[in-house]
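This report concerns a predicted model. Please keep the sequence and the structure in view while reading.

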Amino acid sequence: MTYLRYPLGAVLAAVVATGALAEEKPVRGGILEYAVKSEAPTFDCAGSATYAVMHAVSPFYSMLLKVDLENYPNLKGDLAKSWTVSDDFKTITFELHPNVKFHDGSILTSEDVKATFERYRNPPQGQTSIIKAALEDIDTIETPSPTTVVFKLKAPNKAMIQIFAIPNACIYSAKKLNEDPNYPRQTIMGTGPFKFKEEVKGSHLSGERFEGYFREGLPYLDGFRAVLFTQSAAVINAIQGGQVMGEFRAVTPSERKTLEAAMGDKIKFYESDWSTLLLLMFNTEKPPFNDVRVRRALNLAIDRWGGSKGLAPTTLLRNVGGLSRPNGPFATPESELVKLPGFGKDIKAAREEAKRLLKEAGQENLKFTLHNRNIASPYTPTGVYLIDQWKQIGVEVTHSQVETKAYIETMNAGTYDVAIEFNNNVLEDPVHTLLQYLSYDKSPVNKSRAIDRELDGLFETMLREIDDNKRREALLAFEKRAIEQAYQVPILWWYRIVALNSRVKGWHMSPSHLFGQDLETVWLAPEK
Amino acid sequence: MARYILKRILYMIPTLIGVAVIVFLMLRVVPGDIVELKLRGDGAAVSQETIEAERTRLGLNKPMLEQFTDWMIGLVTLDLGKSMWTEKPVVDEIAVRFGLTIQVAIMATILAVLIALPLGTISALYKDTLLDHAIRIFTIGGLAVPSFWLGMIIILALLYYFQWLPPVTYTPIYVDPLTNISQLIWPALAVAYRYSAVLTRMVRSSIIEVMLEDYIRTARAKGVFERVVIARHALRNAMLPAITVLGLEFAFLIGGLVVTEQVFNLNGLGRLFVQAVSFNDFTLTQAIVMLIAVVFIVTNLVVDILYALLDPRIRYGAK
């Protein structure tokens with residue numbers, strides 16, 4: 001019977017292979033319903049930093065560039081068919097796809113790109129632009145042809161090109177901006193794969209396929225509906241019950257276990273390092289935290305490697321890393337990281353050094369309050385963990401957890417002792433991720449209120465230098481200085497787990513929860 | 001009666017002014033900045049200049065007196081302004097949620113009355129029997145069990161036993177009654193249990209008290225059927241305190257079901273209220289507080305009118 005086995009096997013293999021291939025081929029149609037855990041306060045892409053804005057409006061808009069999620073963190077063209085950067089990194093020229101339509105049927109030209117970026121960098125009275133600071137280097141925007149846009153910079157800026165891929169840099173219609181500069185806040189009208197269908201405040205936002213989308217054959221979905229949930233448990237129930245097909249920000253490890261147990265192979269999990277972290281922030285204007293010995297001691301006492309193991313199974317925290325995302329293109333290798341104070345693996349030695357420093361600074365019986373948000377994950381366990389770590393060196397800490405708005409109020413007033421701060425990076429280049437660490441007079445988001453001109457100088461080097469090796473040297477020097485001075489130090493980096501119904505295909509994971517939300521390539525496999 | 005009603009409506013004005021002043025001042029005193037939350041809440045590096053520009057745009061840099069004057073003028077002209085968080089008109093924000101909230105409140109009230117009236121009556125008439133004890137255990141359960149917890153159990157039971165959950169977005173009853181009821185019956189039940197427990201105990205104790213009255217003895221002595229004695233004489237008088245409870249509970253349901261709404265993911269006023277307070281959205285919070293104040297005042301007025309209708313001895317404004 002042997003001679004029959006192989007042909008039969010070959011036939012079976014062919015059938016299986018054909019079935020597998022057929023299964024993976026995108027299918028057109030269907031409405032994707034997914035959960036969002038926060039409501040967008042505005043439809044203006046640059047009107048707010050909350051991720052809820054991008055999770056709501058990304059499907060409706062295009063940018064000049066996009067991050068290529070299949071080759072992260074490389075860039076690829078979105079509205080730009082091609083682009084060039086001059087050798088001196090002072091001129092960026094984009095060639096646009098021709099005949100790109102807005103949802104109202106009008107054709108996109110370079111004037112629309114110019115008007116959009118003029119609005120972002122010089123918002124008129126009453127307009128907000130959270131990317132204004134990032135566009136400060138732009139000197140002029142020229143439009144030599146309807147499909148050509150030229151950005152001329154005041155000074156060399158190698159990282160500037162990445163700004164055009166940030167999801168907040170949606171392209172608006174110049175005509176509509178002229179009619180009503182406020183239109184992006186309340187109205188959705190872009191060139192994205194979906195056009196606006198309906199919004200019910202507090203409930204949901206929906207879009208339908210834009211048949212005039214400039215990428216032929218896309219999107220695959222007929223439409224989508226983003227349903228608002230305010231409670232994580234309700235999201236998990238809704239995924240299990242089939243009310244929604246997933247949630248794109250993240251689920252915790254415990255929620256993952258619940259979904260896995262309940263849904264088996266009907267749920268798929270996507271995992272990635274996350275470009276989000278928690279920082280330990282010292283109020284350098286308040287004694288004794290103005291003393292570098294005290295700050296360094298408290299930093300040395302934290303066993304990050306042990307904490308990572310302990311906190312990872314139940315929280316969003318996982319990775320030990322320096323100022324740049326662990327495992328990212330600018331991450332410090334572990335062999336170098338462990339040489340930095342607070343990041344070594346010999347915690348006993350580190351804690352002995354911490355006690356010595358506290359004694360030297362006259363703070364052996366140090367007591368203070370740790371200021372934190374009252375959000376269960378991962379703020380509460382982080383605070384509890386830190387307090388335990390400091391107890392090991394004889395420091396007594398009170399945990400003060402307050403609502404986010406009260407937390408922000410205290411941070412702004414500068415009345416806290418030590419705080420756990422949240423930092424979210426979208427892009428990877430250090431000039432976009434290290435603004436937090438600049439001197440307080442240059443970067444008001446630096447709530448440690450520290451002034452350090454050496455750090456400012458190193459940042460300026462990274463910003464203006466075009467030689468990658470020199471930029472890298474500056475970055476390592478910046479990180480070393482920042483961690484040694486310990487005005488604010490990374491605690492742990494987050495880890496992202498996204499749960500989607502296994503019918504959802506074509507979505508790509510990334511370290512930032514702002515990417516991949518245009519749903520352009522997402523499709524729904526038929527129900528089995 | 002008409003004069004009484006008019007007088008009560010006029011009394012609403014100073015009450016509402018008082019509420020408006022208190023809520024305005026309290027919101028300005030509590031910590032929190034909506035602009036910081038909106039622009040920096042997700043960890044973004046936004047310049048102070050941008051923050052200040054946004055504050056100016058939202059009118060937060062205006063002197064307190066000017067803000068208060070704008071608020072009071074808006075109140076009088078029924079222009080409640082725009083939500084500082086969403087920038088949509090406050091009236092629109094509330095209107096979207098009001099239908100659902102009112103419907104849940106009405107359904108819960110109807111269910112509570114349907115449960116409480118018979119149970120309370122039976123419990124009173126069969127006082128200290130096994131039936132009475134069973135009903136009282138049922139009501140104690142209703143008082144002890146939080147409605148949000150019951151809601152969670154309902155959700156989990158539906159998921160576990162039926163692999164089904166109610167629709168996640170609201171469909172008005174006039175559009176699709178079946179979908180509407182399939183969504184709202186569950187939160188209405190969760191809320192109605194506690195509601196009916198309070199009402200049942202009130203009906204029970206009122207009937208027990210009324211049954212001891214002379215006019216009940218007289219009616220029986222006259223040979224009136226027991227059923228008629230209970231329905232026409234006892235129940236009607238026993239309903240007076242129950243109506244008070246009914247009114248208070250109903251008013252509470254408007255904006256008070258925060259956790260239950262979260263459990264069932266209902267886009268109701270309770271959730272909106274918490275969100276508005278969390279975000280320091282002054283305009284929206286002020287408007288919702290005023291709405292709830294109006295609801296309480298109007299409900300109390302309706303209760304008083306029902307009192308007068310039920311009990312001819314009560315004639316407001318009569319000489």
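The text below treats the contact between two chains, then a helix, then a hairpin.

**The A–B interface**

In this predicted model, 45 residues of chain A are in contact with 42 residues of chain B. At least two residues of the side of chain A that touches chain B come from each of the elements tabulated here.

| Element of chain A | Residues |
|---|---|
| Helix 6 | 183–186 |
| Helix 7 | 232–241 |
| Helix 14 | 404–413 |
| Strand 16 | 418–424 |

Helix 14 of chain A provides six residues, the largest share of this side. Sorted by class, the side of chain A that touches chain B comprises 22 polar, 17 nonpolar and six charged residues.

**Helix 9 of chain A**

Helix 9 of chain A spans residues 292–300, and it is largely enclosed by the rest of the structure because seven of its nine residues are buried. The buried residues are Val294(A), Arg295(A), Arg296(A), Ala297(A), Leu298(A), Asn299(A) and Leu300(A). Against which elements do the buried residues of helix 9 of chain A pack? They pack against two helices of chain A, helix 12 (347–360) and helix 13 (379–391), and against two strands of chain A, strand 12 (267–282) and strand 17 (488–501).

**The hairpin of strands 4 and 5**

Five bridges join strand 4 (residues 80–85) of chain A to strand 5 (residues 91–96) of chain A, and the pairing is antiparallel. Thr84(A) has Thr93(A) in strand 5 of chain A as its bridge partner. Five residues lie between the strands of this hairpin, where Phe89(A) adopts a positive phi near 55°.

Terms used
Residues numbered from 1 in each chain as written. Chains lettered and ligands numbered in written order. Predicted model: local features only at pLDDT ≥ 70, side-chain atom pairs only at ≥ 80, totals over all residues. Contact = placed C-beta atoms within 7 Å. Helix = DSSP H or I, 4+ residues; strand = E, 2+ residues; numbered from the N terminus. Nonpolar A, V, L, I, M, F, W, Y, C, P; charged D, E, K, R; others polar. Buried ≥ 20, exposed ≤ 12 C-beta atoms within 10 Å, placed from the backbone. Pairing = 2+ DSSP bridges.
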